[in-house]
Structures are given as structure tokens and as C-alpha cells.
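Here is a short set of questions and answers on one model. Keep the sequence and the coordinates open as you read.

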Amino acid sequence: MCSFPTIADAVETVIEIIQPLEGRFVNKEFLDTVGEGVNHIAFEVDDLAAERARLEAMGFKPVYHSPVFAYFDTRSQGNLMIELKQSH
């Protein structure tokens, strides 16, 4: 069991639909192995570095990251990946 950042007062929900047309794309492995469906859930956080460190301490490694977001392979905990996004 693990816990993830909580959004207490969500004011907005964004649903991103991705349709790869050609070339390489970040979700290719997911589509090739799982097929269509929900790939990840994103959480906007106030302190990306602290939340990233918290997930890494729980044993989850970032599989793709930048200074403003990080994707973690958390599929062992529910077959979804987690994306953390730095709030503005």
C-alpha cells in the first residue's frame, strides 16, 4: 500500500486524450503492452522536488522527468503511472 499527493480542493479536472499518428511518442510502450486505456494520473504539487523525493523513498523511480514534471512507474500499485506536475 502506498499514498500519493492528495488534491483536497480540486477546482479543475483535465482529461488528455492522446492519439499517436506516427514516429516515437512517450506512451508507445503502454499502447504496445497494455493497449488503449488510462495510462497515468497527474497531480499538481506545490513542491515537485519534495514530492519526487517522497515517491523515490517509497521505492518508485522516475521514468521520465524534467524540472517541471516527473512520471513514476507505479503500475505495481494499480496498473497506472503517476505524473507529478509543479504548480505555478
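**Fold, sheet and aromatic rings**

Q: How many helices and strands does the secondary structure of the chain come to?
A: The model is predicted. From the N terminus on, the elements run α-β-α-β-β-β. The secondary structure comes to two helices and four strands.

Q: In what order do the four strands form the sheet?
A: The sheet is open and its pairing is mixed. The edge strands are β1 (40–45) and β2 (62–65), each pairing on one side only. From one strand to the next, the twist averages 20°. The order is β1-β4-β3-β2.

Q: At about what angle does helix α2 run to β4?
A: Helix α2 covers residues 48–57 and lies across β1, β2, β3 and β4. Strand β4 spans 81–86. Helix α2 runs to β4 at about 155°.

Q: Over how many bridges do β2 and β3 pair?
A: Strand β3 holds residues 69–72. Its pairing with β2 is antiparallel. Tyrosine 64 stands opposite tyrosine 71 in β3. The β2 and β3 strands pair over three bridges.

Q: Is the aromatic pair of tyrosine 64 and tyrosine 71 stacked or tilted?
A: A pair of aromatic rings is described by the distance of the centres and the angle of the planes. For tyrosine 64 and tyrosine 71, the centres lie 6.3 Å apart and the planes make 55°. Stacked needs planes under 30 degrees apart, and edge-to-face needs over 60. The pair of tyrosine 64 and tyrosine 71 is tilted.

Q: Why is the pair of phenylalanine 69 and tyrosine 71 edge-to-face?
A: Tyr64, Phe69 and Tyr71 form one aromatic cluster. The ring centres of phenylalanine 69 and tyrosine 71 are 5.8 Å apart. Edge-to-face needs planes over 60 degrees apart. The pair is edge-to-face because its planes stand at 80°.

Q: Which counts as buried, tyrosine 64 or tyrosine 71?
A: Buried means under 20% relative accessible area. Tyrosine 64 has 45% relative accessibility, so tyrosine 64 counts as partly exposed. At 14%, the residue that counts as buried is tyrosine 71.

Q: Which residue has its backbone oxygen 2.6 Å from a polar side-chain atom of threonine 74?
A: Threonine 74 lies in the loop between β3 and β4. Threonine 74 counts as buried because its relative accessibility is 3%. The backbone oxygen at 2.6 Å belongs to leucine 80.

Q: What percentage of the residues of the chain count as buried?
A: The chain exposes about 6700 Å², and carbon and sulfur atoms supply 52% of it. The chain has 88 residues. The buried percentage is 23%.

Definitions and conventions. Residues are numbered from 1 along each chain as its sequence is written. This is a predicted model: local features need pLDDT of at least 70, side-chain atom pairs count only at pLDDT 80 or more; totals for chains, interfaces and linings use all residues. Side-chain values use heavy atoms; hydrogens and water are left out. Buried means under 20% relative accessible area, exposed over 50%, partly exposed in between (1.4 Å probe, protein chains only). Accessible areas come from the Shrake-Rupley method with a 1.4 Å probe; for residues, only the protein chains shown count as cover. Two strands pair if DSSP finds at least two bridges between them. Axes are lines fitted to C-alpha atoms, for helices over the stretch in contact, and angles run from 0 to 180 degrees between N-to-C directions. Contact means heavy atoms within 4.5 Å. A polar contact is a pair of N or O atoms within 3.5 Å; within protein, one must be able to donate a hydrogen and the other to accept it, and residues adjacent in sequence count only if both atoms are side-chain atoms. Rings of Phe, Tyr and Trp (its six-membered ring) pair if their centres lie within 6.5 Å; planes under 30 degrees apart count as stacked, over 60 as edge-to-face and the rest as tilted.
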